[in-house]
Amino acid sequence: VDDDEAVRLYLSETLASGGYECRMFSNGPTALGWLATGDEHVDLWLSDIHMPEMNGLELLRNVKTVAPDLPLSWFRACAIFPWRKARCGQAPPTTC
């Protein structure tokens, strides 16, 4: 889950090259709605921290209510992708 399409595509292509199937979402509410349907098995949930609508920590807290055993990982895309450096000055959210 990331609001930046370039980041979503990069991560999806990288994971797909390793044989993983990915679902991409641009925001937390849409991703959470998809997860709540339970239509597909999920092995790992990746999420950016800084996103509009629902920050990454709030999203992960909600994911845990829907899928308590799902492994979660979040990232700051600005630390990985040079074009996101402008957002690196923002402190990560500490509360939801």
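Glu 53 sits out in the open: in this predicted model its relative accessibility is 63%, so it counts as exposed, the bar for that being over 50%. The residue belongs to the loop that links β1 and α3. Its backbone is a little unusual too, since phi of Glu 53 is near 70 degrees, a positive value, and Glu 53 is not a glycine. For comparison, most residues other than glycine have a negative phi.

The same stretch also holds a residue with the opposite kind of surroundings. Ile 49 is likewise placed in the loop between β1 and α3, but with 6% relative accessibility Ile 49 counts as buried, because the cut-off is under 20%. Ile 49 and Val 1 are 48 residues apart along the chain, yet 9.2 Å is what separates their C-alpha atoms.

Stepping back to the overall layout, the protein is built from four helices and two strands. Read from the N terminus, the order is α-α-β-α-β-α. The two strands, β1 (residues 45–48) and β2 (residues 72–75), run parallel and are joined by four bridges. Helix α3 (residues 56–66) goes with them: β1, α3 and β2 together form a β-α-β unit, and that unit is right-handed. Across the strand pair, Trp 45 faces Leu 72 of β2, while Ser 47 is set opposite Trp 74, also in β2.

Some whole-protein numbers help to frame this. Of the 96 residues in the protein, 35% are buried. The accessible surface adds up to about 5,800 Å², with carbon and sulfur atoms supplying 55% of that area. As for contacts with a separation of 6 or more, 64% are between residues 24 or more positions apart.

Ser 47 is a good place to look at the inside of the protein. This serine is part of strand β1, and its relative accessibility is 0%, so Ser 47 counts as buried. Setting aside neighbours within four places in sequence, Ser 47 is in contact with Val 1, Gly 56, Leu 59, Leu 60, Ser 73, Trp 74 and Phe 75. Trp 74 in that list is also the residue that stands opposite Ser 47 in β2.

Leu 59 leads straight into the nonpolar core. The largest such core has 14 residues, and the members that touch the most others are Val 1, Leu 35, Trp 45, Leu 59, Val 63 and Leu 70. Two or more residues of this core come from each of α2 (28–37) and α3. Leaving out residues up to four places away in sequence, Leu 59 touches Val 1, Gly 28, Leu 32, Trp 45, Ser 47, Met 51 and Met 54.

Asn 62 tells a different story. Although it is found in helix α3, Asn 62 has a relative accessible area of 26%, so it is partly exposed, falling between the 20% and 50% limits. Beyond its neighbours within four places in sequence, Asn 62 makes contact with Leu 32 and Met 54; both of these residues are touched by Leu 59 as well. Asn 62 and Pro 29 lie 33 residues apart along the chain, with 9.5 Å between their C-alpha atoms.

That leaves the N-terminal end. Asp 2 is located in the segment before α1 (5–17). Is this aspartate buried or exposed? Asp 2 has a relative accessibility of just 1%, and because buried means under 20%, Asp 2 counts as buried. A polar atom of its side chain lies 2.7 Å from the backbone nitrogen of Asp 4. Asp 3 is in the segment before α1 as well, but at 28% relative accessibility Asp 3 counts as partly exposed. Asp 3 and Asp 48 are 45 residues apart in sequence, and their C-alpha atoms are 8.0 Å apart in space. Val 1, for its part, is among the core members that touch the most others, and both Ser 47 and Leu 59 list Val 1 among their contacts.

Technical notes. Residues numbered from 1 in each chain as written. Predicted model: local features only at pLDDT ≥ 70, side-chain atom pairs only at ≥ 80, totals over all residues. Heavy atoms only, no water. Pairing = 2+ DSSP bridges. Right-handed = clockwise from strand over helix to strand, strands pointing away. Buried < 20%, exposed > 50% of the residue type's maximum accessible area, 1.4 Å probe, protein only. Contact = heavy atoms within 4.5 Å. Areas by Shrake-Rupley, 256 points an atom, 1.4 Å probe, with all protein chains shown as cover. Polar contact = N/O pair within 3.5 Å; in protein donor to acceptor, adjacent residues only side chain to side chain. Core = buried A, V, L, I, M, F, W, Y, C linked by side-chain atoms within 4.5 Å.
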